[in-house]
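Grab your viewer and work through a few exercises on the model below. Each task comes with a solution that goes step by step.

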Amino acid sequence: MVMERTERLMMKAIVRYREDRDLENAIDFIQKKFQCCGVESFMDWSRNVYFGCSDSNPSLEACGVPFSCCILLQNQTVLNTMCGYGMQEQEERVAAQDVFTIGCLEKIVWWTKKNLLLVAGLTAGLLLLEVCMIILAAAQTSRIKKARGQQRASAERSRSERKESVWLPAFANFDEDE
């Protein structure tokens, strides 16, 4: 169930690739970091409007994949942003010479299994942080309630003191003889 939801989320991200610059940068980072392309394979990019492989698609990137799917050569200093053009029209073994053909979901699952101790440590750390924040929020709530109680008690004390005190008018007539 988790894998299905993750796959759907990643597929939505591919569909919205050019709509949000931050999302685009995140996908490019993941594809470069894990040396992967798409969710299950590089052909997933056909679901994106810009990379869709159809005769009616006027985009220059039609039937292509983003440059972040491209395999960089060791001596390559300049990034060829057009290396992924037309890759979806190629057979997988031919495309594999220029772009990563394995999907990112598989690569991320593999990386997670390989680094399970790191993932567990990060999860435990985040959980501990959440628990600390809940404790601090409860302590703050307690202090606020205590301060409100003291404020109410002080207000009632001052009200009762006012009732007991003698009221003297500001302009009292001190000459009662007249």
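**Exercise 1: a buried acid and its partners**

Task: Start from E24, decide whether E24 is buried or exposed, and then find which salt bridges E24 makes.

Solution. Step one is the accessibility. E24 has 8% relative accessibility, so E24 goes down as buried (buried is under 20% relative accessible area, exposed is over 50%, partly exposed is in between; 1.4 Å probe, protein chains only).

Before going on, some housekeeping: this is a predicted model, where local features need pLDDT of at least 70 and side-chain atom pairs count only at pLDDT 80 or more, while totals for chains, interfaces and linings use all residues. Residues are numbered from 1 along each chain as its sequence is written, and side-chain values use heavy atoms, with hydrogens and water left out.

Step two is the search for partners. A salt bridge here is a side-chain nitrogen of Lys or Arg within 4 Å of a carboxyl oxygen of Asp or Glu. E24 pairs with R18, with 2.7 Å between the closest N and O atoms. E24 also bridges to R21, at 3.3 Å from N to O.

Step three looks at the setting. R21 and E24 sit three residues apart in helix α2, which is about one turn of the helix. (Helices are DSSP runs of H or I with at least four residues, strands are runs of E with at least two, and both are numbered from the N terminus.) R21 is exposed at 56% relative accessible area. Through shared partners, salt bridges link R18, R21, E24 and E61 into one network. As for R18, its relative accessibility of 29% makes R18 partly exposed.

Step four is the total. The whole structure holds four salt bridges. One of them joins E91 to R93, the closest N and O atoms being 3.6 Å apart, and R93 is exposed with a relative accessible area of 63%.

**Exercise 2: the disulfides**

Task: Work out how many disulfides there are, and which parts of the chain the C36 to C104 link ties together.

Solution. First, the chemistry: a disulfide is a covalent bond between the sulfur atoms of two cysteines. The geometric test is a pair of cysteine sulfur atoms within 2.5 Å, and the count comes to four.

Next, take C36 and C104, whose S to S distance is 2.0 Å. Their link is right-handed, with 90 degrees about the S-S bond. C36 lies in the loop between α2 and α3 (92–95) and C104 lies in helix α4, so this pair ties together parts 68 residues apart in sequence. C36 is buried at 0% relative accessibility, and C104 is buried at 2%.

Now C37 and C69, joined at an S to S distance of 2.1 Å. This link is right-handed too, with 80 degrees about the S-S bond. Both cysteines lie in the loop between α2 and α3, so the tie is between parts 32 residues apart in sequence.

Then C70 and C83: the sulfur atoms are 1.5 Å apart, and the link is right-handed with 110 degrees about the S-S bond. C70 is buried with a relative accessible area of 6%, and C83 counts as buried at 19%.

Finally, number the bonded cysteines in sequence order, and the pairing reads 1-8, 2-5, 3-4, 6-7.

**Exercise 3: nonpolar inside, nonpolar outside**

Task: Find which residues have the most contacts inside the largest nonpolar core, and which residues form a nonpolar patch on the surface.

Solution. Begin inside. A nonpolar core is a set of buried Ala, Val, Leu, Ile, Met, Phe, Trp, Tyr and Cys residues joined through side-chain atoms within 4.5 Å. The largest one has 23 residues, and C37, V39, W45, V65, C69 and V99 have the most contacts inside it. α1 (2–15), α2 (21–34) and α4 (104–114) each supply at least two core residues, and α1 gives the most, with four.

Zoom in on V39. Leaving aside neighbours within four places in sequence, the contacts of V39 (heavy atoms within 4.5 Å) include M10, I14, C104 and L105.

Now the outside. W110, W111, L118 and L122 form a nonpolar patch with about 440 Å² of accessible area together. α4 and α5 (116–164) each give two or more residues to the patch. W110 is in helix α4 and is exposed at 53% relative accessible area.

Definitions and conventions: Patches are made of residues with over 30% relative accessible area and no salt bridge: like charges are joined within 9 Å, nonpolar side chains (Val, Leu, Ile, Met, Phe, Trp, Tyr) within 5 Å. Accessible areas come from the Shrake-Rupley method with a 1.4 Å probe; for residues, only the protein chains shown count as cover.
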